[in-house]
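Subject: Structure handover

Hi,

Here is the structure for you to look over. My notes follow below it.

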Amino acid sequence: MKKYIGKEEISAEPMTYGEAYKDGIIPENAYVEELSDSEGYKIVGADKASGWLPKEDFESLYRVAETFLDRINIEDNDLREKCLKLSDFIHSNEKFKELPLGDRAMLVAQFHMMCAYLNILSLRQSTIEGGVSGRPYGFSFEQILPLIREGYAVRRNGWNGKELMVFKQVPAHIGSEIIPKMQSLPDEAKRLILAHGDHIDYVSQCLIFNATTGEANSWVPSISDVFATDWELVVE
């Protein structure tokens, strides 16, 4: 036999077995009077059909998902459980060492991506519970990189200059009519560019900007930046 996983969204409310019988959920020919006071839940599925489950069975199958925070908590718990299982397999199971190198590497990468996602979920939980605006912090470089790609300004908490920030330059096509007017290029560079073509395409560039001095320099992450875990979003 094959294993299957099912998932559905239902509505439910506490109801004893006896109350479920009176409500017509428990049919006459299935009613057991001795169970009348047993705790449980009335459940209503997407098809509007009603049913009843004992309390222990219900609470092992379903978790409240009334609010946005409830749903994040469910996702957090599920992912945390999966992370623990994968961690145990990687670090404690001899079968992991028997896997081909590529498979081991993919599982390690998967584990770290799952942990990174779990970190983001935890931050969202804390901000929702605290009623404050979310602010990514304590990120690794691979976590903050999507924000750089999307145009957000970021920085490392460990940088001495708190007014420093990194952001990408928007890719731009600079035509021949603009190049002679550019203040950022020396005349000789303009001459050579126009002698060999009629445009400049700015691509894949990042700047590190000092908000205090107004200075901007080209930026490439150092190896310490790549391995750092103190990246954060610049809000103000």
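Contact here means heavy atoms within 4.5 Å. Keep in mind that the model is predicted.

**Lys-42**

By that cut-off, and not counting residues up to four places away in sequence, Lys-42 touches Ser-11, Ala-12, Glu-13, Met-15, Asp-23, Ile-25, Ser-50, Gly-51 and Trp-52. Lys-42 sits in strand β2, residues 40-44. Its relative accessibility is 18%. Buried means under 20%, so Lys-42 counts as buried. Which side chain does the side chain of Lys-42 make a polar contact with? The partner is Asp-23, at 3.2 Å.

**Asp-225**

This is another buried charged residue, with a relative accessible area of 6% for Asp-225. Asp-225 belongs to helix α8, which spans residues 223-227. A polar atom of the Asp-225 side chain lies 3.0 Å from the backbone nitrogen of Ser-222. Setting aside neighbours within four places in sequence, Asp-225 contacts Phe-141, Arg-156, Trp-159, Trp-219 and Trp-231.

**Nonpolar cores**

Two of those contacts of Asp-225, Trp-219 and Trp-231, come up again here. They are listed with Ile-144 and Val-154 as the residues with the most contacts inside the largest nonpolar core. That core has 14 residues. Helix α6 and strand β8 (206-210) each give two or more residues to this core. The largest share, four residues, comes from α6.

Ile-144 is in contact with Phe-139, Val-154, Trp-231, Glu-232 and Leu-233, again leaving aside neighbours within four places in sequence. A second, separate core has 11 residues, including Leu-79, Phe-96, Phe-111 and Leu-118.

**Second largest pocket**

The volume of the second largest pocket is about 210 Å³. Two elements give two or more residues to its lining: α5 (101-130) and α6 (141-149). Which element gives the largest share of the lining? That is α5, with four residues.

The lining is made up of these residues:

- Ile-120, Leu-123, Arg-124 and Thr-127
- Gly-134, Arg-135, Pro-136 and Phe-139
- Gln-143, Leu-147, Tyr-152 and Leu-233

By class, seven of the lining residues are nonpolar, three are polar and two are charged. Phe-139 and Leu-233 line this pocket, and both are in contact with Ile-144 of the largest core. Helix α6 also appears in both places: it gives residues to the pocket lining and to the largest core.

Best wishes

Key. Residues are numbered from 1 along each chain as its sequence is written. This is a predicted model: local features need pLDDT of at least 70, side-chain atom pairs count only at pLDDT 80 or more; totals for chains, interfaces and linings use all residues. Side-chain values use heavy atoms; hydrogens and water are left out. On a 1 Å grid over the protein atoms alone, a cavity is a set of points where a 1.4 Å probe fits but cannot get out, and a pocket is an open set with protein on both sides within 12 Å along at least five of seven lines; lining residues have an atom within 4 Å of a point. Grid points are joined across faces, edges and corners, and a volume is the space filled by probe spheres set on the points. Buried means under 20% relative accessible area, exposed over 50%, partly exposed in between (1.4 Å probe, protein chains only). A polar contact is a pair of N or O atoms within 3.5 Å; within protein, one must be able to donate a hydrogen and the other to accept it, and residues adjacent in sequence count only if both atoms are side-chain atoms. A nonpolar core is a set of buried Ala, Val, Leu, Ile, Met, Phe, Trp, Tyr and Cys residues joined through side-chain atoms within 4.5 Å.
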